[in-house]
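Trainee: Hi! Could you walk me through this one while I have it open?
Mentor: Happy to, let's bring it up.

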Amino acid sequence: MDGGEPRFGQRGDIPSYVMVKCGIWGEDACQLHRFFGWNKVKVGRKVPLYVSADDCYVDETCIKGSVNVIGAKEHPEWMCDNGSMKWDLKIDKKVAFNVGYGTCGLFRFLKAFEMYWYAEGMKT
């Protein structure tokens with residue numbers, strides 16, 4: 001389920017997937033990607049929100065999962081390096097920076113905010 005595979009454009013398919021991304025910065029920087037077909041993903045539709053795919057999980061209080069990539073050089077469409085990482089982190093938000101009611105229908109209609117991406121846990 002890799003979005004960069006040429007066969008998708010030829011068949012007219014539109015890839016639909018969730019990508020779990022992890023890595024490290026610095027001199028030995030590395031980024032790892034794991035892809036899940038949308039049919040393998042569970043999303044909580046009510047509060048509390050969560051997203052889950054296999055052993056990868058995120059909600060308002062924790063984030064856990066693993067990525068293990070072998071053969072990245074042979075698959076440039078994966079857009080990552082070889083390696084593995086596993087994590088199980090608790091989330092404690094000190095500042096929840098969000099626009100709150102600014103994303104309600106009225107403010108969207110008025111175009112009060114040009115974008116809706118925000119750093120929900122900017123100090124976590």
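**A chat about the model**

Trainee: Let me start with a single residue: is Lys-86 buried or exposed?
Mentor: Lys-86 counts as exposed, because its relative accessibility is 73%. Keep in mind that this is a predicted model.

Trainee: Where is Lys-86 found?
Mentor: Lys-86 is in strand β7, which covers residues 83-90.

Trainee: And what is Lys-86 in contact with, beyond its sequence neighbours?
Mentor: Setting aside residues within four places in sequence, Lys-86 is in contact with Gly-65 and Ser-66. You can also check Cys-56: it is 30 residues from Lys-86 in sequence, and the two C-alpha atoms are 9.6 Å apart.

Trainee: OK, stepping back. How many helices and strands does the protein have?
Mentor: There are two helices and seven strands. Reading from the N terminus, the order is α-β-β-β-β-β-β-β-α.

Trainee: Which elements have the lowest and the highest mean pLDDT?
Mentor: Helix α1, residues 6-11, has the lowest mean pLDDT among the elements, at 58, and β6 has the highest, at 96. Over the protein the average is 81, and 70% of the residues score at least 70.

Trainee: What share of the residues is buried?
Mentor: Buried residues make up 24% of the 124. As for the outside, the accessible surface is about 9,600 Å², and 58% of that belongs to carbon and sulfur atoms.

Trainee: Now the inside. Which residues in the largest nonpolar core touch the most other members?
Mentor: Those are Val-20, Phe-36, Val-67, Val-69 and Trp-78, in a core of 15 residues. Strands β1 (17-24), β2 (30-37) and β6 (62-69) each supply at least two residues of this core.

Trainee: Let's zoom in on Val-20. What does Val-20 touch?
Mentor: Not counting residues up to four places away in sequence, Val-20 touches Leu-32, His-33, Arg-34, Phe-36, Cys-56, Val-67 and Trp-87. Across the protein, if you take contacts with a separation of 6 or more, 39% of them join residues 24 or more positions apart.

Trainee: I keep spotting cysteines. How many disulfides are there?
Mentor: Zero.

Trainee: Why does Cys-30 have no bond to another cysteine?
Mentor: The closest cysteine sulfur to that of Cys-30 is in Cys-22, and at 7.7 Å that is too far for a bond. A disulfide would need the two sulfur atoms within 2.5 Å.

Trainee: And Cys-80?
Mentor: Similar story: the closest cysteine sulfur to Cys-80 is in Cys-30, 7.8 Å away, so it is too far for a bond. Cys-80 counts as buried, with 13% relative accessibility.

Trainee: Switching topic: how many aromatic pairs are there?
Mentor: The count comes to two. One of them is Tyr-17 with Phe-35, an edge-to-face pair with 5.1 Å centre to centre and 75° between the planes. That pair links distant parts of the chain, with Tyr-17 in strand β1 and Phe-35 in strand β2, 18 residues apart.

Trainee: Are those rings buried or exposed?
Mentor: Phe-35 is buried, with a relative accessible area of 17%, whereas Tyr-17 is partly exposed at 29%.

Trainee: Why is the pair of Tyr-50 and Tyr-57 called stacked?
Mentor: The planes of Tyr-50 and Tyr-57 are at 20°, with the ring centres 6.0 Å apart, so the pair is stacked. Tyr-50 counts as partly exposed at 30% relative accessibility, and Tyr-57 is partly exposed at 24%.

Trainee: What about Ser-52, where is that?
Mentor: Ser-52 is in strand β4, residues 50-53. Its relative accessibility is 16%, so Ser-52 counts as buried. Apart from neighbours within four places in sequence, Ser-52 is in contact with Lys-40, Val-41, Lys-42 and Tyr-57.

Trainee: Last topic, backbone angles. What is phi of Asp-54?
Mentor: Phi of Asp-54 is near 55°, a positive value in a residue other than glycine. That catches the eye because most residues other than glycine have a negative phi. Asp-54 sits in the loop between β4 and β5 (56-59), and at 61% relative accessibility Asp-54 counts as exposed.

Trainee: And phi of Met-79?
Mentor: Phi of Met-79 is positive too, near 55°. Met-79 lies in the loop between β6 and β7 and is partly exposed, with a relative accessible area of 44%.

Terms used:
Residues are numbered from 1 along each chain as its sequence is written. This is a predicted model: local features need pLDDT of at least 70, side-chain atom pairs count only at pLDDT 80 or more; totals for chains, interfaces and linings use all residues. Side-chain values use heavy atoms; hydrogens and water are left out. Buried means under 20% relative accessible area, exposed over 50%, partly exposed in between (1.4 Å probe, protein chains only). Helices (H or I, at least four residues) and strands (E, at least two) are DSSP runs, numbered from the N terminus. Contact means heavy atoms within 4.5 Å. Accessible areas come from the Shrake-Rupley method with a 1.4 Å probe; for residues, only the protein chains shown count as cover. A nonpolar core is a set of buried Ala, Val, Leu, Ile, Met, Phe, Trp, Tyr and Cys residues joined through side-chain atoms within 4.5 Å. pLDDT is the predictor's confidence in each residue, from 0 to 100. Rings of Phe, Tyr and Trp (its six-membered ring) pair if their centres lie within 6.5 Å; planes under 30 degrees apart count as stacked, over 60 as edge-to-face and the rest as tilted.
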